[in-house]
Amino acid sequence: MQSQKQFKRRFSFEFFPPKTDQGKEKLQVVRNQLAEVNPDFFSVTFGAGGSTRDRTIETVLNLHKQGISTAPHLSCVGGTRAEIAELLDVYKENGINRIVALRGDMPSGMGASGEMRYANELVAFIREHSGDHFNLEVAAYPEFHPQARNAEEDLKNFARKVEAGANSAITQYFFNPESYFYFIDRLEKLGVTIPVVPGIMPIVNFSSLVRFSDMCGAEIPRWIRKQLEAYGDDTASIRKFGEEVITEMCEKLLKAGAPGLHFYTLNQAEPSISIWKNLGISEREKIAF
Ligand code: FAD
(Lines give C-alpha, C1' and ligand atoms only; values in the text may rest on other atoms or scores of the structure.)
Protein backbone atom coordinates (compact mmCIF):
# COMPACT_ATOMS: atom_id res chain seq x y z
CA MET A 1 0.00 0.00 0.00
CA GLN A 2 3.05 2.25 0.23
CA SER A 3 2.62 3.73 -3.26
CA GLN A 4 -0.91 4.98 -2.54
CA LYS A 5 0.13 7.02 0.51
CA GLN A 6 1.91 9.61 -1.64
CA PHE A 7 -1.35 10.70 -3.29
CA LYS A 8 -3.67 13.34 -1.92
CA ARG A 9 -7.11 12.03 -1.11
CA ARG A 10 -10.10 12.79 -3.25
CA PHE A 11 -13.78 11.96 -2.77
CA SER A 12 -16.46 11.61 -5.43
CA PHE A 13 -20.06 10.52 -6.02
CA GLU A 14 -21.39 8.63 -9.03
CA PHE A 15 -24.86 9.02 -10.56
CA PHE A 16 -26.72 7.44 -13.45
CA PRO A 17 -28.49 9.72 -15.94
CA PRO A 18 -32.20 9.86 -15.07
CA LYS A 19 -34.79 8.87 -17.68
CA THR A 20 -37.86 10.79 -16.56
CA ASP A 21 -38.65 14.33 -15.44
CA GLN A 22 -39.36 12.93 -11.99
CA GLY A 23 -35.93 11.25 -11.97
CA LYS A 24 -34.30 14.53 -12.99
CA GLU A 25 -36.00 16.40 -10.17
CA LYS A 26 -34.94 13.73 -7.70
CA LEU A 27 -31.33 13.88 -8.90
CA GLN A 28 -31.33 17.65 -8.43
CA VAL A 29 -32.34 17.20 -4.78
CA VAL A 30 -29.71 14.47 -4.32
CA ARG A 31 -27.08 16.65 -6.00
CA ASN A 32 -27.87 19.54 -3.64
CA GLN A 33 -27.57 17.31 -0.56
CA LEU A 34 -24.26 15.84 -1.71
CA ALA A 35 -22.88 19.22 -2.82
CA GLU A 36 -23.07 20.32 0.81
CA VAL A 37 -20.13 18.08 1.72
CA ASN A 38 -18.15 19.58 -1.16
CA PRO A 39 -16.86 16.49 -2.99
CA ASP A 40 -14.00 16.77 -5.46
CA PHE A 41 -16.21 15.68 -8.34
CA PHE A 42 -19.37 13.94 -9.48
CA SER A 43 -19.45 11.34 -12.25
CA VAL A 44 -22.25 10.17 -14.53
CA THR A 45 -22.49 6.71 -16.08
CA PHE A 46 -22.82 5.98 -19.79
CA GLY A 47 -24.92 3.11 -21.15
CA ALA A 48 -22.74 0.89 -23.31
CA GLY A 49 -23.41 1.12 -27.01
CA GLY A 50 -24.36 4.78 -26.50
CA SER A 51 -27.79 3.90 -25.08
CA THR A 52 -27.73 6.88 -22.67
CA ARG A 53 -25.54 9.17 -24.80
CA ASP A 54 -27.79 12.23 -24.84
CA ARG A 55 -28.98 11.80 -21.26
CA THR A 56 -25.40 11.42 -20.02
CA ILE A 57 -24.32 14.60 -21.84
CA GLU A 58 -27.33 16.54 -20.53
CA THR A 59 -26.81 15.35 -16.94
CA VAL A 60 -23.06 15.99 -16.99
CA LEU A 61 -23.34 19.51 -18.39
CA ASN A 62 -26.19 20.39 -16.05
CA LEU A 63 -24.29 19.21 -12.95
CA HIS A 64 -20.99 20.72 -14.09
CA LYS A 65 -22.44 24.19 -14.58
CA GLN A 66 -23.78 24.15 -11.01
CA GLY A 67 -20.25 24.40 -9.70
CA ILE A 68 -18.95 20.92 -8.87
CA SER A 69 -16.63 19.44 -11.47
CA THR A 70 -18.41 16.54 -13.20
CA ALA A 71 -16.85 13.65 -15.10
CA PRO A 72 -18.71 11.73 -17.79
CA HIS A 73 -18.15 7.99 -18.08
CA LEU A 74 -17.42 7.04 -21.66
CA SER A 75 -17.41 3.47 -22.96
CA CYS A 76 -16.05 2.37 -26.30
CA VAL A 77 -17.98 -0.82 -27.14
CA GLY A 78 -20.43 -0.30 -29.94
CA GLY A 79 -19.03 3.15 -30.76
CA THR A 80 -16.97 4.41 -33.68
CA ARG A 81 -13.90 6.62 -33.39
CA ALA A 82 -15.83 9.46 -35.05
CA GLU A 83 -18.67 9.23 -32.51
CA ILE A 84 -16.27 9.18 -29.59
CA ALA A 85 -14.27 12.11 -31.02
CA GLU A 86 -17.48 14.12 -31.30
CA LEU A 87 -18.32 13.44 -27.65
CA LEU A 88 -14.81 14.40 -26.53
CA ASP A 89 -15.12 17.69 -28.38
CA VAL A 90 -18.49 18.47 -26.78
CA TYR A 91 -17.07 17.83 -23.32
CA LYS A 92 -13.91 19.84 -23.95
CA GLU A 93 -15.90 22.81 -25.30
CA ASN A 94 -18.01 22.76 -22.15
CA GLY A 95 -15.09 22.85 -19.74
CA ILE A 96 -15.13 19.19 -18.72
CA ASN A 97 -11.63 18.02 -17.81
CA ARG A 98 -12.07 14.54 -16.37
CA ILE A 99 -13.40 11.37 -18.05
CA VAL A 100 -13.94 7.85 -16.73
CA ALA A 101 -12.82 5.76 -19.73
CA LEU A 102 -14.27 2.25 -20.00
CA ARG A 103 -14.81 -0.60 -22.36
CA GLY A 104 -18.42 -1.12 -21.24
CA ASP A 105 -20.52 -4.24 -21.75
CA MET A 106 -22.48 -4.64 -24.93
CA PRO A 107 -26.13 -5.43 -24.13
CA SER A 108 -27.10 -8.72 -25.80
CA GLY A 109 -28.73 -8.26 -29.19
CA MET A 110 -27.09 -4.88 -29.77
CA GLY A 111 -24.90 -6.11 -32.61
CA ALA A 112 -21.29 -5.32 -33.48
CA SER A 113 -18.77 -4.49 -30.79
CA GLY A 114 -17.50 -1.28 -32.41
CA GLU A 115 -14.07 -0.10 -33.50
CA MET A 116 -12.30 -0.49 -30.15
CA ARG A 117 -12.26 -3.70 -28.16
CA TYR A 118 -10.68 -2.76 -24.87
CA ALA A 119 -10.44 0.27 -22.60
CA ASN A 120 -6.67 0.66 -23.22
CA GLU A 121 -7.52 1.41 -26.88
CA LEU A 122 -10.03 4.04 -25.76
CA VAL A 123 -7.48 5.67 -23.45
CA ALA A 124 -4.93 5.75 -26.29
CA PHE A 125 -7.53 7.22 -28.64
CA ILE A 126 -8.50 9.97 -26.16
CA ARG A 127 -4.83 10.90 -25.74
CA GLU A 128 -4.39 10.93 -29.53
CA HIS A 129 -7.48 13.07 -30.08
CA SER A 130 -7.46 15.41 -27.07
CA GLY A 131 -3.85 15.30 -25.89
CA ASP A 132 -3.52 15.87 -22.16
CA HIS A 133 -6.70 17.90 -21.83
CA PHE A 134 -8.57 15.25 -19.85
CA ASN A 135 -7.65 13.65 -16.57
CA LEU A 136 -8.40 10.01 -17.38
CA GLU A 137 -9.81 7.57 -14.85
CA VAL A 138 -10.04 3.86 -15.66
CA ALA A 139 -11.70 0.90 -13.95
CA ALA A 140 -9.81 -1.47 -11.64
CA TYR A 141 -10.92 -4.86 -10.29
CA PRO A 142 -9.40 -5.95 -6.96
CA GLU A 143 -11.42 -9.19 -7.21
CA PHE A 144 -10.55 -9.41 -10.91
CA HIS A 145 -12.76 -8.76 -13.91
CA PRO A 146 -15.29 -11.57 -14.46
CA GLN A 147 -14.14 -12.13 -18.06
CA ALA A 148 -10.41 -12.05 -17.33
CA ARG A 149 -8.52 -15.08 -18.62
CA ASN A 150 -6.70 -15.19 -15.31
CA ALA A 151 -5.57 -12.90 -12.50
CA GLU A 152 -2.11 -12.26 -14.00
CA GLU A 153 -3.52 -11.29 -17.39
CA ASP A 154 -6.04 -9.00 -15.76
CA LEU A 155 -3.28 -7.13 -13.90
CA LYS A 156 -1.29 -6.79 -17.11
CA ASN A 157 -4.37 -5.52 -18.90
CA PHE A 158 -4.83 -2.94 -16.17
CA ALA A 159 -1.20 -1.89 -16.67
CA ARG A 160 -1.89 -1.43 -20.40
CA LYS A 161 -4.45 1.25 -19.55
CA VAL A 162 -1.89 3.07 -17.46
CA GLU A 163 0.73 2.79 -20.22
CA ALA A 164 -1.83 4.20 -22.66
CA GLY A 165 -2.19 7.32 -20.50
CA ALA A 166 -4.63 6.77 -17.62
CA ASN A 167 -3.99 9.11 -14.68
CA SER A 168 -5.90 7.29 -11.96
CA ALA A 169 -8.38 4.49 -11.36
CA ILE A 170 -11.61 3.74 -9.55
CA THR A 171 -12.28 0.18 -8.44
CA GLN A 172 -15.29 -2.01 -8.87
CA TYR A 173 -16.93 -2.20 -5.45
CA PHE A 174 -15.82 -4.91 -3.06
CA PHE A 175 -16.50 -5.96 0.52
CA ASN A 176 -13.11 -7.61 1.12
CA PRO A 177 -10.58 -4.85 1.80
CA GLU A 178 -7.77 -7.44 1.63
CA SER A 179 -8.47 -7.89 -2.08
CA TYR A 180 -7.77 -4.17 -2.58
CA PHE A 181 -4.58 -4.24 -0.51
CA TYR A 182 -3.34 -7.28 -2.41
CA PHE A 183 -4.23 -5.70 -5.76
CA ILE A 184 -2.24 -2.57 -4.90
CA ASP A 185 0.74 -4.64 -3.78
CA ARG A 186 0.69 -6.58 -7.05
CA LEU A 187 0.56 -3.31 -9.02
CA GLU A 188 3.51 -1.98 -7.05
CA LYS A 189 5.49 -5.09 -8.01
CA LEU A 190 4.67 -4.39 -11.66
CA GLY A 191 5.85 -0.80 -11.17
CA VAL A 192 2.35 0.62 -11.67
CA THR A 193 1.81 3.47 -9.26
CA ILE A 194 -1.21 5.59 -10.08
CA PRO A 195 -3.88 6.45 -7.50
CA VAL A 196 -6.42 3.62 -7.27
CA VAL A 197 -9.50 4.88 -5.45
CA PRO A 198 -11.83 2.29 -3.89
CA GLY A 199 -15.36 2.30 -5.31
CA ILE A 200 -17.83 2.05 -2.43
CA MET A 201 -21.31 0.55 -2.72
CA PRO A 202 -23.53 1.44 0.24
CA ILE A 203 -25.75 -1.51 1.23
CA VAL A 204 -29.43 -0.57 1.06
CA ASN A 205 -31.26 -3.50 -0.53
CA PHE A 206 -30.33 -7.17 -0.29
CA SER A 207 -31.88 -8.67 -3.43
CA SER A 208 -30.64 -5.99 -5.81
CA LEU A 209 -27.19 -6.12 -4.21
CA VAL A 210 -27.01 -9.89 -4.81
CA ARG A 211 -28.19 -9.56 -8.42
CA PHE A 212 -25.76 -6.78 -9.19
CA SER A 213 -22.82 -8.41 -7.42
CA ASP A 214 -23.31 -11.69 -9.31
CA MET A 215 -23.27 -9.74 -12.56
CA CYS A 216 -20.14 -7.72 -11.92
CA GLY A 217 -18.16 -10.34 -10.01
CA ALA A 218 -18.10 -8.66 -6.58
CA GLU A 219 -18.09 -11.17 -3.74
CA ILE A 220 -20.47 -10.67 -0.83
CA PRO A 221 -18.72 -12.38 2.11
CA ARG A 222 -20.82 -15.14 3.67
CA TRP A 223 -21.14 -13.40 7.05
CA ILE A 224 -22.55 -10.28 5.39
CA ARG A 225 -24.86 -12.25 3.11
CA LYS A 226 -26.20 -14.37 5.97
CA GLN A 227 -26.82 -11.38 8.21
CA LEU A 228 -28.61 -9.47 5.45
CA GLU A 229 -30.69 -12.54 4.60
CA ALA A 230 -31.76 -12.81 8.23
CA TYR A 231 -33.22 -9.31 8.16
CA GLY A 232 -35.73 -10.31 5.44
CA ASP A 233 -37.91 -7.29 4.61
CA ASP A 234 -36.66 -5.25 7.55
CA THR A 235 -35.16 -2.43 5.45
CA ALA A 236 -34.21 -0.31 8.45
CA SER A 237 -32.04 -3.10 9.91
CA ILE A 238 -30.46 -3.81 6.50
CA ARG A 239 -29.51 -0.16 6.16
CA LYS A 240 -28.20 0.13 9.71
CA PHE A 241 -26.07 -3.01 9.42
CA GLY A 242 -24.94 -1.98 5.91
CA GLU A 243 -23.91 1.45 7.14
CA GLU A 244 -21.85 -0.03 9.98
CA VAL A 245 -20.12 -2.59 7.74
CA ILE A 246 -19.28 -0.09 4.99
CA THR A 247 -18.15 2.60 7.42
CA GLU A 248 -15.77 0.14 9.07
CA MET A 249 -14.43 -0.97 5.71
CA CYS A 250 -13.87 2.63 4.58
CA GLU A 251 -12.08 3.43 7.83
CA LYS A 252 -9.78 0.48 7.27
CA LEU A 253 -9.10 1.51 3.66
CA LEU A 254 -8.34 5.15 4.49
CA LYS A 255 -6.19 4.22 7.47
CA ALA A 256 -4.12 1.92 5.25
CA GLY A 257 -3.55 4.76 2.76
CA ALA A 258 -6.32 4.55 0.16
CA PRO A 259 -6.25 7.83 -1.81
CA GLY A 260 -9.92 8.69 -1.27
CA LEU A 261 -13.29 7.05 -1.92
CA HIS A 262 -15.74 6.98 -4.84
CA PHE A 263 -19.37 6.32 -3.85
CA TYR A 264 -21.78 4.49 -6.14
CA THR A 265 -24.82 6.48 -5.00
CA LEU A 266 -27.48 4.90 -7.27
CA ASN A 267 -28.92 8.43 -7.19
CA GLN A 268 -29.59 8.35 -3.44
CA ALA A 269 -27.92 10.81 -1.08
CA GLU A 270 -28.61 9.47 2.38
CA PRO A 271 -26.64 6.18 2.40
CA SER A 272 -23.42 7.82 1.14
CA ILE A 273 -23.81 10.92 3.32
CA SER A 274 -24.27 8.79 6.47
CA ILE A 275 -21.05 6.91 5.75
CA TRP A 276 -19.26 10.17 4.92
CA LYS A 277 -20.38 11.70 8.22
CA ASN A 278 -19.43 8.59 10.22
CA LEU A 279 -15.96 8.82 8.70
CA GLY A 280 -15.69 12.50 9.62
CA ILE A 281 -14.11 13.38 6.29
CA SER A 282 -12.98 16.95 6.73
CA GLU A 283 -12.05 19.65 4.28
CA ARG A 284 -8.43 19.34 5.39
CA GLU A 285 -8.33 15.69 4.43
CA LYS A 286 -9.46 16.05 0.88
CA ILE A 287 -7.48 17.91 -1.70
CA ALA A 288 -8.08 16.94 -5.31
CA PHE A 289 -5.26 15.57 -7.44
P1 FAD B 1 -11.15 -3.41 -19.95
O2 FAD B 1 -10.13 -2.74 -19.13
O3 FAD B 1 -11.04 -3.32 -21.43
O4 FAD B 1 -11.17 -4.94 -19.50
C5 FAD B 1 -12.24 -5.82 -19.88
C6 FAD B 1 -11.74 -7.26 -19.91
O7 FAD B 1 -10.88 -7.48 -21.01
C8 FAD B 1 -10.94 -7.68 -18.68
O9 FAD B 1 -11.22 -9.03 -18.43
C10 FAD B 1 -9.49 -7.54 -19.12
O11 FAD B 1 -8.62 -8.40 -18.44
C12 FAD B 1 -9.59 -7.88 -20.60
N13 FAD B 1 -8.65 -7.07 -21.41
C14 FAD B 1 -8.39 -5.75 -21.28
N15 FAD B 1 -7.51 -5.34 -22.22
C16 FAD B 1 -7.20 -6.42 -22.96
C17 FAD B 1 -6.35 -6.61 -24.07
N18 FAD B 1 -5.67 -5.59 -24.61
N19 FAD B 1 -6.26 -7.87 -24.59
C20 FAD B 1 -6.97 -8.90 -24.04
N21 FAD B 1 -7.81 -8.76 -22.98
C22 FAD B 1 -7.93 -7.53 -22.45
N23 FAD B 1 -20.07 0.18 -17.63
C24 FAD B 1 -20.86 0.93 -18.43
O25 FAD B 1 -21.42 0.40 -19.39
N26 FAD B 1 -21.07 2.27 -18.20
C27 FAD B 1 -20.48 2.91 -17.18
O28 FAD B 1 -20.69 4.11 -17.00
C29 FAD B 1 -19.62 2.16 -16.31
N30 FAD B 1 -18.97 2.75 -15.29
C31 FAD B 1 -18.08 2.02 -14.53
C32 FAD B 1 -17.34 2.68 -13.54
C33 FAD B 1 -16.42 1.97 -12.78
C34 FAD B 1 -15.62 2.71 -11.73
C35 FAD B 1 -16.25 0.58 -12.97
C36 FAD B 1 -15.29 -0.20 -12.13
C37 FAD B 1 -16.98 -0.08 -13.96
C38 FAD B 1 -17.89 0.63 -14.76
N39 FAD B 1 -18.60 0.02 -15.78
C40 FAD B 1 -19.44 0.78 -16.59
C41 FAD B 1 -18.49 -1.43 -16.01
C42 FAD B 1 -17.42 -1.76 -17.10
O43 FAD B 1 -17.78 -1.20 -18.32
C44 FAD B 1 -17.37 -3.29 -17.20
O45 FAD B 1 -16.84 -3.84 -16.03
C46 FAD B 1 -16.68 -3.85 -18.44
O47 FAD B 1 -16.95 -5.25 -18.51
C48 FAD B 1 -15.18 -3.68 -18.46
O49 FAD B 1 -14.79 -2.40 -18.66
P50 FAD B 1 -13.23 -1.98 -18.50
O51 FAD B 1 -13.13 -0.58 -18.88
O52 FAD B 1 -12.76 -2.40 -17.18
O53 FAD B 1 -12.62 -2.94 -19.62
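**Salt bridges and the ligand shell**

In this predicted model, Arg10 and Glu137 pair up in a salt bridge, with their closest N and O atoms 2.9 Å apart. Arg10 sits in strand β1 (residues 10-15) and Glu137 in strand β5 (residues 135-140), so the bridge ties together parts that lie 127 residues apart in sequence. How buried or exposed are the two partners? Arg10 has a relative accessible area of 0%, so it is buried. Glu137 also counts as buried, because its relative accessibility is 0%; the cut-off for that label is under 20%.

The pair is part of a longer list, as the count of salt bridges comes to 14. Another one brings together the side chains of Asp54 and Arg53, at 2.9 Å from N to O. Here the setting is another one: Asp54 counts as exposed, with 53% relative accessibility, while Arg53 is partly exposed at 25%.

Then there is Lys252, which forms a salt bridge with Glu178, the closest N and O atoms being 3.3 Å apart. Lys252 belongs to helix α9 (residues 235-256) and Glu178 to helix α6 (residues 177-190), so this bridge links parts 74 residues apart in sequence. Both ends are partly exposed, Lys252 with a relative accessible area of 40% and Glu178 with 46%. Back at Arg10, salt bridges with shared partners join Arg10, Arg98 and Glu137 into one network.

Now for the ligand. Which residues come nearest to it? Of the 24 residues around the ligand, these are Phe46, Asp105, Tyr141, Asp154 and Lys161. Two of them make polar contacts through their side chains: an N or O atom of Asp105 lies 2.5 Å from an oxygen atom of the ligand, and an N or O atom of Tyr141 is 2.7 Å from a ligand oxygen. His73 joins in as well, with a polar side-chain atom 3.0 Å from a nitrogen atom of the ligand. On its own the ligand would expose 970 Å², and the protein buries 86% of that area.

As for where the shell comes from, the elements that supply two or more residues are α4 (119-130), α5 (151-164) and β6 (168-171). Of the elements, α5 gives the most, with four residues. Sorted by class, the shell holds 10 nonpolar, nine polar and five charged residues.

Note on methods:
Residues are numbered from 1 along each chain as its sequence is written. This is a predicted model: local features need pLDDT of at least 70, side-chain atom pairs count only at pLDDT 80 or more; totals for chains, interfaces and linings use all residues. Side-chain values use heavy atoms; hydrogens and water are left out. A residue is near a molecule or strand if one of its heavy atoms lies within 4 Å of it. A polar contact is a pair of N or O atoms within 3.5 Å; within protein, one must be able to donate a hydrogen and the other to accept it, and residues adjacent in sequence count only if both atoms are side-chain atoms. Accessible areas come from the Shrake-Rupley method with a 1.4 Å probe; for residues, only the protein chains shown count as cover. Ala, Val, Leu, Ile, Met, Phe, Trp, Tyr, Cys and Pro count as nonpolar, Asp, Glu, Lys and Arg as charged, and the others, Gly among them, as polar. A salt bridge is a side-chain nitrogen of Lys or Arg within 4 Å of a carboxyl oxygen of Asp or Glu. Buried means under 20% relative accessible area, exposed over 50%, partly exposed in between (1.4 Å probe, protein chains only).
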